[in-house]
Amino acid sequence: MKTLMVFDFDHTVVDDNSDTWVIRCLPDKTLPDSVKNSYRKGHWTEFMGRVMSYIGDQEVSPDRVRSVMETIPFTAGMTDLLTFISEHKSAIDCIVISDSNTMFIDWILRASGLQAAVDQVFTNPAKFNELGRMEVQCYHTHDCDRCPVNLCKKQVLELYLSQQSDGGVEYERIFYVGDGGNDLCPTSCLRGPDVVMPRKGYTLEKLLARLEGQADNTPLKAKVVAWSSGIDVLEELKASMQ
(Lines give C-alpha, C1' and ligand atoms only; values in the text may rest on other atoms or scores of the structure.)
Protein backbone atom coordinates (compact mmCIF):
# COMPACT_ATOMS: atom_id res chain seq x y z
CA MET A 1 0.00 0.00 0.00
CA LYS A 2 1.19 3.46 -0.88
CA THR A 3 1.77 6.58 1.18
CA LEU A 4 -0.06 9.79 0.28
CA MET A 5 1.62 13.17 0.79
CA VAL A 6 -0.78 16.13 0.87
CA PHE A 7 0.75 19.62 0.76
CA ASP A 8 -0.52 23.11 1.16
CA PHE A 9 1.54 25.44 -1.08
CA ASP A 10 2.03 28.98 0.27
CA HIS A 11 4.23 29.13 3.40
CA THR A 12 4.60 25.35 3.11
CA VAL A 13 6.17 24.30 -0.20
CA VAL A 14 7.24 27.89 -0.88
CA ASP A 15 8.37 30.21 1.89
CA ASP A 16 6.06 33.09 1.06
CA ASN A 17 2.55 33.81 -0.19
CA SER A 18 2.43 33.47 -3.99
CA ASP A 19 -0.62 35.76 -4.13
CA THR A 20 1.29 38.65 -2.52
CA TRP A 21 4.62 37.81 -4.20
CA VAL A 22 3.05 38.64 -7.59
CA ILE A 23 2.84 42.33 -6.58
CA ARG A 24 6.63 42.48 -7.14
CA CYS A 25 5.95 42.50 -10.88
CA LEU A 26 4.50 46.04 -10.61
CA PRO A 27 6.89 48.93 -11.36
CA ASP A 28 6.56 50.36 -7.80
CA LYS A 29 5.91 46.91 -6.22
CA THR A 30 2.80 48.09 -4.41
CA LEU A 31 -1.00 48.16 -4.87
CA PRO A 32 -3.11 51.33 -4.63
CA ASP A 33 -5.31 51.63 -1.53
CA SER A 34 -8.43 51.29 -3.70
CA VAL A 35 -7.41 47.69 -4.50
CA LYS A 36 -5.85 46.90 -1.09
CA ASN A 37 -8.96 48.01 0.79
CA SER A 38 -11.36 46.02 -1.41
CA TYR A 39 -10.63 42.71 0.37
CA ARG A 40 -13.52 41.11 2.28
CA LYS A 41 -12.83 38.33 4.79
CA GLY A 42 -13.33 34.87 3.26
CA HIS A 43 -13.35 36.28 -0.30
CA TRP A 44 -9.63 36.23 -1.13
CA THR A 45 -10.04 34.75 -4.63
CA GLU A 46 -12.32 37.61 -5.71
CA PHE A 47 -9.75 40.04 -4.30
CA MET A 48 -6.98 38.34 -6.31
CA GLY A 49 -9.09 38.80 -9.43
CA ARG A 50 -8.99 42.56 -8.81
CA VAL A 51 -5.24 42.43 -8.11
CA MET A 52 -4.53 40.63 -11.39
CA SER A 53 -6.86 42.99 -13.26
CA TYR A 54 -4.92 45.97 -11.86
CA ILE A 55 -1.59 44.34 -12.84
CA GLY A 56 -2.98 43.91 -16.37
CA ASP A 57 -4.11 47.56 -16.43
CA GLN A 58 -0.50 48.58 -15.74
CA GLU A 59 0.42 46.69 -18.93
CA VAL A 60 2.59 44.16 -17.11
CA SER A 61 3.05 41.31 -19.58
CA PRO A 62 2.20 37.66 -18.78
CA ASP A 63 5.92 36.82 -19.27
CA ARG A 64 6.89 39.43 -16.67
CA VAL A 65 4.35 38.00 -14.20
CA ARG A 66 5.72 34.50 -14.80
CA SER A 67 9.38 35.50 -14.41
CA VAL A 68 8.61 37.19 -11.08
CA MET A 69 6.65 34.18 -9.80
CA GLU A 70 9.55 31.87 -10.69
CA THR A 71 11.77 33.73 -8.18
CA ILE A 72 9.66 32.86 -5.10
CA PRO A 73 11.87 30.93 -2.65
CA PHE A 74 11.15 27.36 -1.65
CA THR A 75 10.93 26.65 2.08
CA ALA A 76 14.18 25.16 3.42
CA GLY A 77 14.45 21.43 2.71
CA MET A 78 11.36 21.30 0.46
CA THR A 79 13.35 20.72 -2.74
CA ASP A 80 15.06 17.74 -1.04
CA LEU A 81 11.69 16.41 0.09
CA LEU A 82 10.04 16.78 -3.32
CA THR A 83 13.09 15.27 -5.05
CA PHE A 84 12.85 12.23 -2.74
CA ILE A 85 9.12 11.90 -3.53
CA SER A 86 9.78 12.12 -7.30
CA GLU A 87 12.37 9.32 -6.96
CA HIS A 88 9.90 7.06 -5.08
CA LYS A 89 6.70 7.45 -7.10
CA SER A 90 6.00 3.71 -6.98
CA ALA A 91 5.51 4.05 -3.20
CA ILE A 92 4.33 7.66 -2.79
CA ASP A 93 1.47 9.64 -4.30
CA CYS A 94 1.59 13.39 -3.81
CA ILE A 95 -1.06 16.10 -4.19
CA VAL A 96 -1.22 19.84 -3.52
CA ILE A 97 -4.40 21.49 -2.19
CA SER A 98 -3.97 25.25 -2.24
CA ASP A 99 -5.78 28.57 -2.23
CA SER A 100 -3.28 29.94 -4.77
CA ASN A 101 -4.01 29.29 -8.47
CA THR A 102 -3.14 26.82 -11.22
CA MET A 103 -0.82 29.13 -13.16
CA PHE A 104 1.30 30.27 -10.20
CA ILE A 105 1.81 26.72 -8.89
CA ASP A 106 2.51 25.26 -12.33
CA TRP A 107 5.08 27.97 -13.14
CA ILE A 108 6.86 27.60 -9.80
CA LEU A 109 7.04 23.79 -9.89
CA ARG A 110 8.18 23.73 -13.54
CA ALA A 111 10.87 26.38 -12.99
CA SER A 112 12.31 24.26 -10.18
CA GLY A 113 12.03 21.02 -12.14
CA LEU A 114 9.96 19.51 -9.33
CA GLN A 115 6.61 19.05 -11.10
CA ALA A 116 7.28 15.29 -11.46
CA ALA A 117 6.86 14.90 -7.68
CA VAL A 118 3.24 16.11 -7.75
CA ASP A 119 0.46 13.94 -9.21
CA GLN A 120 -2.36 16.45 -8.95
CA VAL A 121 -2.88 20.08 -7.93
CA PHE A 122 -6.26 21.19 -6.56
CA THR A 123 -6.46 24.98 -6.61
CA ASN A 124 -8.30 27.94 -8.11
CA PRO A 125 -8.27 27.80 -11.94
CA ALA A 126 -6.48 30.70 -13.66
CA LYS A 127 -5.94 31.72 -17.26
CA PHE A 128 -4.98 34.79 -19.29
CA ASN A 129 -7.84 36.30 -21.28
CA GLU A 130 -7.54 37.81 -24.76
CA LEU A 131 -6.51 41.16 -23.21
CA GLY A 132 -3.58 39.53 -21.40
CA ARG A 133 -5.27 39.84 -17.97
CA MET A 134 -5.09 36.87 -15.64
CA GLU A 135 -8.53 35.72 -14.49
CA VAL A 136 -8.84 33.59 -11.34
CA GLN A 137 -11.97 31.58 -10.55
CA CYS A 138 -13.11 29.88 -7.36
CA TYR A 139 -12.13 26.19 -7.18
CA HIS A 140 -15.62 25.04 -6.16
CA THR A 141 -18.64 25.88 -4.02
CA HIS A 142 -19.32 24.07 -0.75
CA ASP A 143 -21.42 24.29 2.39
CA CYS A 144 -18.65 24.09 5.02
CA ASP A 145 -18.94 27.06 7.37
CA ARG A 146 -15.33 26.74 8.57
CA CYS A 147 -13.64 27.37 5.21
CA PRO A 148 -13.26 30.25 2.72
CA VAL A 149 -16.12 30.35 0.19
CA ASN A 150 -13.98 29.09 -2.69
CA LEU A 151 -12.23 26.10 -1.12
CA CYS A 152 -12.91 23.47 1.54
CA LYS A 153 -9.74 21.37 1.63
CA LYS A 154 -11.46 18.57 3.55
CA GLN A 155 -14.05 18.15 0.80
CA VAL A 156 -11.26 18.06 -1.83
CA LEU A 157 -9.26 15.47 0.13
CA GLU A 158 -12.29 13.25 0.86
CA LEU A 159 -13.32 13.29 -2.81
CA TYR A 160 -9.77 12.44 -3.93
CA LEU A 161 -9.51 9.54 -1.45
CA SER A 162 -12.93 8.24 -2.55
CA GLN A 163 -11.96 8.37 -6.25
CA GLN A 164 -8.64 6.66 -5.51
CA SER A 165 -10.45 3.97 -3.54
CA ASP A 166 -12.86 3.43 -6.46
CA GLY A 167 -9.77 2.88 -8.61
CA GLY A 168 -8.41 0.30 -6.17
CA VAL A 169 -5.88 2.58 -4.44
CA GLU A 170 -5.87 2.64 -0.65
CA TYR A 171 -3.25 4.44 1.43
CA GLU A 172 -1.42 2.90 4.34
CA ARG A 173 -0.62 6.34 5.68
CA ILE A 174 -1.43 9.96 4.78
CA PHE A 175 0.84 12.87 5.67
CA TYR A 176 -0.86 16.28 5.65
CA VAL A 177 1.70 19.12 5.57
CA GLY A 178 0.45 22.68 6.01
CA ASP A 179 0.60 25.92 7.96
CA GLY A 180 -2.64 27.88 7.84
CA GLY A 181 -6.12 28.09 9.30
CA ASN A 182 -7.68 26.56 6.18
CA ASP A 183 -5.52 23.46 6.73
CA LEU A 184 -7.39 22.57 9.94
CA CYS A 185 -10.63 21.34 8.34
CA PRO A 186 -9.04 18.47 6.34
CA THR A 187 -7.21 17.10 9.40
CA SER A 188 -10.57 15.87 10.76
CA CYS A 189 -10.81 13.24 8.00
CA LEU A 190 -7.37 11.76 8.81
CA ARG A 191 -7.15 8.38 10.59
CA GLY A 192 -5.05 6.93 13.41
CA PRO A 193 -2.03 5.88 11.28
CA ASP A 194 -1.96 9.27 9.53
CA VAL A 195 0.25 12.22 10.42
CA VAL A 196 -0.66 15.90 10.34
CA MET A 197 2.42 18.11 10.12
CA PRO A 198 1.86 21.78 11.02
CA ARG A 199 4.66 24.29 10.42
CA LYS A 200 6.18 25.44 13.71
CA GLY A 201 5.10 28.92 14.76
CA TYR A 202 2.22 29.14 12.27
CA THR A 203 -1.58 29.19 12.69
CA LEU A 204 -2.25 25.47 12.09
CA GLU A 205 0.09 24.45 14.93
CA LYS A 206 -1.78 26.72 17.37
CA LEU A 207 -5.21 25.49 16.23
CA LEU A 208 -4.16 21.83 16.56
CA ALA A 209 -2.76 22.46 20.06
CA ARG A 210 -6.16 23.86 21.04
CA LEU A 211 -7.90 20.78 19.57
CA GLU A 212 -5.56 18.39 21.36
CA GLY A 213 -6.38 20.17 24.60
CA GLN A 214 -10.02 19.07 24.23
CA ALA A 215 -8.98 15.45 24.93
CA ASP A 216 -11.93 13.11 24.23
CA ASN A 217 -13.96 15.66 22.27
CA THR A 218 -11.36 16.20 19.56
CA PRO A 219 -12.18 15.14 15.97
CA LEU A 220 -8.43 14.70 15.47
CA LYS A 221 -7.25 11.07 15.28
CA ALA A 222 -3.95 11.55 13.45
CA LYS A 223 -0.59 11.98 15.11
CA VAL A 224 0.70 15.59 15.16
CA VAL A 225 4.36 16.22 14.30
CA ALA A 226 5.43 19.86 13.83
CA TRP A 227 8.09 20.81 11.28
CA SER A 228 10.45 23.70 10.61
CA SER A 229 12.04 22.50 7.38
CA GLY A 230 11.24 20.02 4.64
CA ILE A 231 13.99 17.82 6.07
CA ASP A 232 11.85 17.27 9.20
CA VAL A 233 9.03 16.02 6.95
CA LEU A 234 11.46 13.91 4.91
CA GLU A 235 12.80 12.18 8.04
CA GLU A 236 9.27 11.39 9.22
CA LEU A 237 8.36 10.06 5.75
CA LYS A 238 11.50 7.88 5.52
CA ALA A 239 10.95 6.47 9.00
CA SER A 240 7.38 5.48 8.09
CA MET A 241 8.59 3.63 4.97
CA GLN A 242 11.07 1.39 6.81
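Biologist: Let me start with one residue: is Asp194 buried or exposed?

Modeller: Asp194 counts as buried, because its relative accessibility is 0%. The cut-offs are under 20% relative accessible area for buried and over 50% for exposed, with partly exposed in between (1.4 Å probe, protein chains only). One caution first: this is a predicted model, so local features need pLDDT of at least 70 and side-chain atom pairs pLDDT 80 or more, while totals for chains, interfaces and linings use all residues. Numbering runs from 1 along each chain as its sequence is written, and side-chain values use heavy atoms, without hydrogens or water.

Biologist: Where does Asp194 sit, and in the loop between which strands?

Modeller: Look between β6 (171-178) and β7 (195-198): Asp194 is in that loop. Helices (H or I, at least four residues) and strands (E, at least two) are DSSP runs, numbered from the N terminus.

Biologist: What is Asp194 in contact with?

Modeller: Contact here is heavy atoms within 4.5 Å. Skipping neighbours within four places in sequence, Asp194 meets Arg173, Ile174, Ala222 and Lys223.

Biologist: And which backbone nitrogen lies 2.6 Å from a polar atom of the Asp194 side chain?

Modeller: That of Arg191.

Biologist: Now Asp10, another acid. Where is the place of Asp10?

Modeller: In the loop between β1 (2-7) and α1 (18-21). Asp10 is buried as well, but it has no salt bridge. A salt bridge puts a side-chain nitrogen of Lys or Arg within 4 Å of a carboxyl oxygen of Asp or Glu. For Asp10, the nearest side chain of opposite charge is Lys153, 8.3 Å away (Lys and Arg are positive, Asp and Glu negative; His and chain ends are not counted).

Biologist: So what joins the side chain of Asp10 to that of Ser18?

Modeller: A polar contact of 2.8 Å. That term covers N or O atoms within 3.5 Å; within protein, one must be able to donate a hydrogen and the other to accept it, and sequence-adjacent residues count only if both atoms are side-chain atoms. Beyond four places in sequence, Asp10 touches Asp16, Asn17, Ser18, Asp19, Ser100 and Asp179.

Biologist: How many salt bridges does the structure hold?

Modeller: Twelve. Side chains of opposite charge can pair when their charged atoms come close. Take Arg66 and Glu70, whose closest N and O atoms are 2.9 Å apart. Arg66 is partly exposed at 30% relative accessible area, and Glu70 is partly exposed at 35%. Glu135 pairs with Lys127 in another salt bridge, with closest N and O atoms 3.0 Å apart. Glu135 is at 34%, so it is partly exposed, and Lys127 is partly exposed at 45%.

Biologist: What about Lys223, which side chain does it meet in a salt bridge?

Modeller: Glu236, at 3.2 Å from N to O. That pair links distant parts of the chain: Lys223 belongs to strand β8 (residues 223-224) and Glu236 to helix α9 (residues 230-241), 13 residues apart. Lys223 is partly exposed, with a relative accessible area of 44%. Elsewhere, salt bridges with shared partners join Asp8, Lys153 and Asp183 into one network.

Biologist: Let's do a helix. Which residues of α6 are buried?

Modeller: In α6 (residues 102-112) they are Met103, Phe104, Ile105, Trp107, Ile108 and Leu109. Zoom in on Ile108, which is found in this helix: it is buried because its relative accessible area is 2%. Outside its four-place neighbourhood, Ile108 touches Phe9, Val14, Ser18, Met69, Ile72 and Phe74. Its C-alpha is 15 Å from that of Asp119, eleven residues away along the chain.

Biologist: What caps the N-terminal end of α6, and what follows the helix?

Modeller: Asn101 is the cap: one of its side-chain oxygens lies 3.0 Å from the backbone nitrogen of Met103. After α6 comes Gly113, with a positive phi near 75 degrees.

Biologist: Which residue in the loop between β1 and α1 has a positive phi although it is not a glycine?

Modeller: His11, with phi at about 60 degrees. His11 is partly exposed, at 24% relative accessibility. Lys29 is another residue other than glycine with positive phi, near 55 degrees. You'll find Lys29 in the loop between α1 and α2 (33-36), and at 51% relative accessibility it counts as exposed.
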